[in-house]
Amino acid sequence: MNAWEVNFDGLPGLTHHYAGLSFGNEASTRNQFQVSNPQRAAKQGLLKMKALADTGFKQGIIPPQARPNVSVLRQLGFDGSDEQVVAKVAAQAPQLLSAASSASSMWVANAATVAPSADTLDGRVHLTVANLNNKFHRATEAPTTEALLRAIFADENRFAVHRALPPVAMFGDEGAANHNRLGGDYGQPGLQLFVYGRDERLETQPQRYPARQTLAASEAVARLNQVNPNQLLFAQQNPAVIDQGVFHNDVIAVSNRQVLFCHQQAFVNQPALMTELARRVPGFVPIEVPTARVTVADAVATYLFNSQLLSKPDGSMLVVLPAECEANPRVWRYLNELLERDNPINELKVFDLRESMANGGGPACLRLRVVLTDAEYRAVNPAVLMNDTLFATLNDWVDRYYRDRLTQSDLADPQLLREGREALDRLTQILQLGSVYDFQQ
């Protein structure tokens, strides 16, 4: 059965700014209060999507969420008109306005965890929305994420979209950023590797930064997604690397088909995990980067592993990388040596994603991978699939609505609220999404 991995990229929103909201994400903290450029962020993302689509990879888009999130500010006791709510929060609790204005939904690797139909008991594609309850600015995303996914994957005969897990610490779920799928052809059954950072029964925990993904959450997501129990494996992320800024597994490992590209220190008891993967994944190819060549600090600074590993028609693989990898001599030297070795990777493609990277999100953060058969692909909302017309339309839309400079103080501007709502109203028409935003209800 023909099947492909389709990458649905998140589009940075109109309130993209640097607020340092994500403790444990070192780029987010380091760039707090810097001036952002939302227009450039959106165009950098669109250029990556279009370039990959032009190369032959199937590519879709997931739109940004409405920000500031006035409804959550009302929940916190601020009243009046929407403009008055924003003004009151800006005056009394600017950190809450920043959180309610975060454009973090652009990192759709955290939107959901996906199980292809080849792996599920009912033969449908399953998507479980992540609750992201570890961070307030992200925990508010789940309802709109669910509405967007239902608008994109609307055919219930082929797709099942599940609501997020209960938003409590026990079930902390960060989505596909802590999930890998390994195997052969995309249309064949694969092994789903869930990676967790925290299990209440374990003594070994990070000491500096929080472990966001729990084992209980991963197990629940696997049940909701109806993953065949024979195609499941759970592994613990190394707490020592979480404490070095590896807040999600996709900052230290990336997989595609039979290849797992990861750092030497990515997992607890990594040699045993590699042995188990070799036993269960035919033709398994581990590419473990030694600490002596690339330190964890280098991996975090460049997002070497927050890359996309994509299969080309001949079976070889392309690595999509942020420009920071090319700028680091040690990382770039290692990558070029990797091309000369006996493994499927034979091409590197670098993109400028500095606006996203400065807030702690690289190429892999920006995309949600969804394996689809021919029939499933045809059932996706076609208006969200990248092509020449959509690319031109969205660039014009960005030019019309996005600002090229934004600071935290700008979030109080009532005109920004109006601009955002007008822009998203138009975007829902372009992408044929229907009513998916709170302000339209």
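Helix H8 (residues 215-224) tucks away Leu215, Ala217, Ser218, Ala220, Val221 and Ala222 as its buried residues, buried being under 20% relative accessible area with a 1.4 Å probe and protein chains only. Helices here are DSSP runs of H or I with at least four residues, and strands are E runs of at least two, numbered from the N terminus. The cover over the buried residues of H8 includes strands S3 (112-115), S4 (125-129), S7 (191-196) and S8 (232-236). After H8 comes Gln226, with a positive phi near 55°.

All this comes from a predicted model, where local features need pLDDT of at least 70 and side-chain atom pairs count only at pLDDT 80 or more, while totals for chains, interfaces and linings use all residues. Residues are numbered from 1 along each chain as its sequence is written, and side-chain values use heavy atoms, leaving out hydrogens and water.

As for nonpolar cores (buried Ala, Val, Leu, Ile, Met, Phe, Trp, Tyr and Cys residues joined through side-chain atoms within 4.5 Å), the largest has 48 residues, and Phe8 and Trp397 have the most contacts inside it. Helix H16 (residues 388-401) chips in the most to this core, with 6 residues. Another core, of 36 residues, lies apart from it and has Leu182, Ala253, Val320 and Cys365 among its members.

Elsewhere, helices H4 (residues 82-92) and H17 (residues 414-430) pack at about 130°, their axes 9 Å apart; axes are lines fitted to C-alpha atoms over the stretch in contact, with angles from 0 to 180 degrees between N-to-C directions. The two are therefore oblique to each other, that is, outside the ranges under 35, 65 to 115 and over 145 degrees.

Terms used: Buried < 20%, exposed > 50% of the residue type's maximum accessible area, 1.4 Å probe, protein only. Contact = heavy atoms within 4.5 Å.
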